[in-house]
Amino acid sequence: MNLKNKKLSDCKKKIFQNFSSSHIAKALNPINLEFKGNNEAIIEGFKTIEEYDENMVKLKSKKMTIIFFGNNLEVKCISFDSIIVSGTITSVNFN
């Protein structure tokens, strides 16, 4: 390996090491769901809230719609592309 290729390889390694696993996951899979029992769901990668009441939260992502059904559902926290749905989640539908 010549010096130019070694420097390029080292540069690629540094970029990859600084590119966090969450960035890689978002690039490969636009939606990330994490459940804490049936009382809370953390959703990363959503675009819009289509409908929302105490029994249903309907979220739209780039490629699908995710609908949470349950009791006393509420949006606990929301950011640019992440949302936390809390309450008693009884089912989740993916369209």
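How many bridges join strand E4 to strand E5, and in which sense do the two run? That was my opening item for this predicted model. I found five bridges between E4 (residues 56-61) and E5 (residues 65-78), and the two strands run antiparallel.

**Entry: the hairpins**

I looked up one bridge by name: Met56 has Phe69 of E5 as its partner. E4 and E5 make a hairpin, with three residues between them. Next I followed E5 onward to E6 (residues 82-94). Those two are antiparallel as well, and I get 10 bridges for the pair. Ile78 is bridged to Ile83 in E6. Again I have a hairpin here, E5 to E6, with three residues in between. So E5 goes into my notes twice, since E5 pairs with E4 and with E6.

**Entry: the whole chain**

I stepped back to get the layout. I count two helices and six strands, and along the sequence the order is α-α-β-β-β-β-β-β. The chain has 95 residues, and 25% of them are buried. I also checked the contacts between residues at least 6 apart in sequence: 40% of these join residues at least 24 apart. For the accessible surface I have about 6800 Å², with 54% belonging to carbon and sulfur atoms.

**Entry: Val75**

Back to E5, where Val75 sits. Is Val75 buried or partly exposed? Its relative accessibility is 22%, and buried means under 20%, so I put Val75 down as partly exposed. Leaving out neighbours within four places in sequence, I find Val75 in contact with Ile49, Tyr52, Ile83 and Ile84. I took one of these further: Val75 and Ile49 are 26 residues apart along the chain, and their C-alpha atoms are separated by 10.0 Å.

**Entry: the aromatic pair**

I searched for aromatic pairs and got one. Phe35 and Phe68 make it up, tilted, with 6.3 Å centre to centre and 55° between the planes. Why does this pair tie together parts that are apart in sequence? Because Phe35 lies in strand E1 (residues 32-36) and Phe68 in E5, the pair spans 33 residues of sequence. I checked the accessibility of both partners. Phe68 is buried at 0%, whereas Phe35 is partly exposed at 40%.

**Entry: salt bridges**

The structure holds four salt bridges, and I wrote up some of them. Glu40 and Lys76 come to 3.1 Å between their closest N and O atoms. That pair links distant parts of the chain, with Glu40 in strand E2 (residues 40-44) and Lys76 in E5, 36 residues apart. Glu40 also forms a salt bridge with Lys36, where the closest N and O atoms are 3.8 Å apart.

What about exposure? Glu40 is buried, at a relative accessible area of 13%. Lys36 counts as partly exposed at 45%, and Lys76 as exposed at 54%.

I then looked at Lys58, which forms a salt bridge with Glu50, the closest N and O atoms being 3.8 Å apart. Lys58 is partly exposed at 21%, and Glu50 is partly exposed at 40%. Which residues are joined into one network by salt bridges that share partners? I have Lys36, Glu40 and Lys76 for that.

**Entry: E5 once more**

I went back over my notes for E5. Phe68 of the aromatic pair is in this strand, as are Val75 and Lys76. Phe68 is buried, Val75 partly exposed and Lys76 exposed.

Note on methods. Residues numbered from 1 in each chain as written. Predicted model: local features only at pLDDT ≥ 70, side-chain atom pairs only at ≥ 80, totals over all residues. Heavy atoms only, no water. Helix = DSSP H or I, 4+ residues; strand = E, 2+ residues; numbered from the N terminus. Buried < 20%, exposed > 50% of the residue type's maximum accessible area, 1.4 Å probe, protein only. Contact = heavy atoms within 4.5 Å. Areas by Shrake-Rupley, 256 points an atom, 1.4 Å probe, with all protein chains shown as cover. Pairing = 2+ DSSP bridges. Phe/Tyr/Trp six-rings, centres within 6.5 Å; stacked < 30°, edge-to-face > 60°. Salt bridge = Lys/Arg side-chain N within 4 Å of Asp/Glu carboxyl O.
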